[in-house]
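Okay, thanks everyone for squeezing in. I'll put the model up, and then we'll walk around it together.

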Amino acid sequence: MRPDNIISDNFDPDALDREYARRQAASRPAEAPAPKKPQKTVKKSSKFKDNSIVRFVTDRRTRTFAGIALLCWATYLLIAAISYFTTGADDQSAVLNNTVSEMARNPENVRNAGGALGAFLSQNFISNGLGIGAFVIIFYFFALAWKLLNRKSRISFWSLTMKSLIVTITVSIVLGLVTYSAGSWLYWGGVHGYEINKFLLANTGIPGAILVSLLLVGLVMAIYLNELRIAYVTYRRKINAHNARVAAEKAAKEEERRRIEESLRKSDELVDNVTPAGNTVAEEPVTERQLVFDEDPFTSMPEPATDNDRQVYHDTVIPSSIEPDTASEIQERDITEHCYEPSYKETVSEKESETATDSEIGLTVKDNAIQEAESVEMKPYDPTAELPRFHFPSVELLKEVKLKTEIVDETEMEENKERIIATLKNYKIAISHIEATVGPTVTLYEIIPAEGVRISQIKNLSDDIALSLRALGVRIIAPIPGKGTVGIEVPNKDPQMVPIRSVITSRQFQETKCILPMAMGAEISKDIYIADLTDTPHLLVAGATGQGKSVGLNTIITSLLYKKHPSELKFVLIDPKSVEFNLYAKLERHYLAKLPDEENPIITDPMKVVATLNSLCVEMDNRFALLNKADERNIKDYNDKFIARKLNPENGHMFMPYIVVIVDEFADLIMVAGKEVERPIARLAQKARAAGIHLILATQRPSTDVITGMIKANFPGRMAFRVMQMVDSRTILDQPGANQLIGRGDMLISIKGEVKRVQCAFISTSEVADICRDINDQMGYTEAYTLPEYVPEGDGGAGGTSGAVSDRDPLFEEAARFIISSSTASTSMLQRRYQIGYNRAGRLMDQFEAAGIVGPASGAKPRSVLMDSLQLDRYLEINNIS
Ligand SMILES: Nc1ncnc2c1ncn2[C@@H]1O[C@H](COP(=O)(O)OP(=O)(O)OP(=O)(O)O)[C@@H](O)[C@H]1O
């Protein structure tokens, strides 16, 4: 028997095999041949034997027997050791001069409760051995016995042995020192403690001996401090859990009490309404119950959920004068109307159905009575709990830019004023008042025309005013909506940039209540302009090249990153140019959403864009299904309900993050994928808002072939940077103005029909990189948010791949010839060649595969072409295709 293996914490039968083999090998005669071979033989030959030993040792009965034996042994030792303190002095001479059997022959000479053996063991373990430290050994035996008897015990054999040993030695040495000079019949630290201290005192003096003792005490404390801490934490946790349970029960009871009160109150009203006027019998129970209530409805009234509740409730609440049918109706209506809390409702419904059968009053249990699990006692769901330590990027990552205090000097302003007045005068337009507001890039001169002046007259003078002011891009707003004035925006000679830091640290942004705040920059009034993307709800961004679109998109993303936890927001970043969004790839595990198995978190391949957009449509549909199931109409209410734990995750409910889809260079996408892209975009734009999906499309070319009527109609939010032609301004804003902007982030934003001129906040690429790095350095999810898989129509279906004539694409023959002539077959090639979308090209490729023209797909590589043109001719002929 190998006790080590029996009592080891992590018992490993293989280890037992190995150990056994090792010992067998060790016990072999020295002249045994080369060590390796025989060892193997031994192992093999003893396998059967080993297994039976292992089975025996690990058998539950063996362990139990060993445990009980050890327990008895430890108890015996304890009794003998305790008895030793009162009998040891008397037994000492007998023990020292006799053997155990000699003492046993004269039991009258031994007083120890453990008899001769007890006296012998006590003397040798305590006085001659470890002193009081021997008790630690006894404790050790108890602990081992417990471990053997209790399989779930988490005591580790080696840890227990080591710790017991250290404590035993410490107790022995420390007591040996403390009682070194005490004249006693016993060595309190045992001979062991005494001898060590004798040695230490002789060699190191008192300080050396004390230091050794202190060192040992320190070691023991270090070992047990952690254990004590763990024990304390476990204890606290138990106490807290208990308190929470008690509080929850109390809250639940309180809630139930409130509901019952409410329920009874309503039934009173119903009874009053149903009871014929002047019926005195009806009044009695009400008064009675009111009296009962005044005492305590919970002690004096039976709870409706108990077995007799229906009857009591019936008897008390519903007057006997009411016809049974009416009574049951009242009951049913009352309960279904007022007991809407699921936990209670379930109970009541069950009870009701039972009672209904009993009393045959025909109560029906409504299916919809069981709603989503609601638990009053649970804390609200915390979506951020998975990443509890996530912190928003520090504003220190954004550069502090020293701004000039004076953007426009007084003389410049006065000169401009004079020129405006003079120009207007030339056209016989008199003004009664002029006032200037200096913004970061433009100054707004607000004039109040004299009476009788037609506004349109001023409107037509923008070019003349621009000429006289020698300024580019003068914009006239006539009249300024909501004010009785005409505005003339004149660019400042020295436009000022608006650093993103000033926007992010602004009070407006810090205190904003917007759900998805886009802090875009500063208005002319220098107020920070913040729009809520959820109100927008989809945004078109346009501007000629180099006018600030990309910076604008970065500003939007940054302001969202500074406000939304990764659990609340996901981005789908589409960048056909493959340059703008690369930096954001670092946000993958925190903020990005992508298709399953997609490697690149930034979508650059137009074909994948189509798949992603369609997948977003599936996500939208899935979300709507959940909203319907939860009886909610939009994501906000749904999430609120989920947070309040009124929706059961087991029924598929989950917290939904907002999804913001941003496409940089939409024109490129439309050119490649055309309708294939436009269709899902239009679908999303029409419906996705309620599902928390918002789109931002940016384009350099706001022409009507890119921003089609369908797109325009569904994108109410517009953001226009400088465009070169008025027609582009009209396309994007439905009015001129964007062509008069001065560039470098100067923009017009139209949200909910209101147009504002804003200087877009500037964020540099290095700042974006720093923010992304800061987020990436923090703990994130294991992967990006996974969008649902999208299976293109016809994929895998008979129609798509069968190659049936009716399903065959009209381009089949032409495209097949093209593929054969070019000896390569890829979907993107077909798309480019025939200007078709990804889905159609994919379908064509499937038909080619079904016809045996091309081989199966092999990852990203083009498919192999399996036919030559002659074979193709034959195929077409046989299948009657031409
Ligand atoms: N808000 C701004 N404040 C100050 N300067 C800006 C601002 N926005 C853009 N700029 C300047 O204009 C340059 C071009 O901006 P950006 O890259 O955003 O243009 P774009 O419209 O995206 O161009 P493209 O369509 O060619 O990508 C920037 O490098 C910067 O110098």
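**Two helices, one ligand shell**

Let's start just past helix α16, where K428 has a positive phi, near 60°. Before I go on, a word on what you're looking at: this is a predicted model, where local features need pLDDT of at least 70, side-chain atom pairs count only at pLDDT 80 or more, and totals for chains, interfaces and linings use all residues. Residue numbers run from 1 along each chain as its sequence is written. Helices and strands are DSSP runs, H or I of at least four residues for a helix and E of at least two for a strand, numbered from the N terminus.

So, α16 itself. It covers residues 410-426, 17 residues in total, and spans 24 Å from its first C-alpha to its last. That's close to the 24 Å expected at 1.5 Å a residue, where the expected span is 1.5 Å times one less than the number of residues.

Which residues of α16 are buried? They're N416, I420 and L424. They sit on the same side of α16 because they cover an arc of only 60° around the axis, the arc being that of the directions from the helix axis to the C-beta atoms. By buried I mean 20 or more other C-beta atoms within 10 Å of the residue's own; exposed is 12 or fewer, partly exposed is in between, and C-beta atoms are placed from the backbone. And the general reason behind that kind of pattern: an α-helix has 3.6 residues a turn, so residues three or four places apart point the same way.

On the other side of α16 you get exposed residues, including E410, E414, E415, E418 and K425. The cover over the buried ones includes β1 (431-438), β2 (442-449), α18 (462-469) and β4 (486-491). Contact here means C-beta atoms, placed from the backbone, within 7 Å.

Now hop over to α32, residues 827-834, where T827, L830 and Q831 are buried. Down the axis of α32 they fall within an arc of 100°, so they line one face of the helix. Their cover includes α23 (606-629), α25 (666-673), α31 (812-822) and α33 (838-851). Just after α32, Q835 also takes a positive phi, about 50°.

Okay, the ligand. There are 14 residues around it, and the closest are G548, K549, S550, G745 and F762; near means a C-beta atom, placed from the backbone, within 6 Å. Two elements give two or more residues to that shell, α21 (549-561) and β16 (754-762), and α21 gives the most, with three.

How does the shell split by class? Four nonpolar, eight polar and two charged. Nonpolar is Ala, Val, Leu, Ile, Met, Phe, Trp, Tyr, Cys and Pro; charged is Asp, Glu, Lys and Arg; the others, Gly among them, are polar.

The unreviewed UniProt entry lists a "binding site" that includes A544, Q547, G548, K549 and S550. UniProt positions use the numbering here, feature names are shortened, and annotations may be inferred rather than shown by experiment.

Take A544, in the loop between β8 (539-542) and α21. It's buried because 20 other C-beta atoms lie within 10 Å. Not counting residues up to four places away in sequence, A544 touches Q700, R722, V723 and M724. Q547 is in the loop between β8 and α21 too, and with 25 C-beta neighbours inside 10 Å, Q547 counts as buried. Leaving aside neighbours within four places, Q547 contacts F721, R722 and G743.

Conventions: Contact = placed C-beta atoms within 7 Å.
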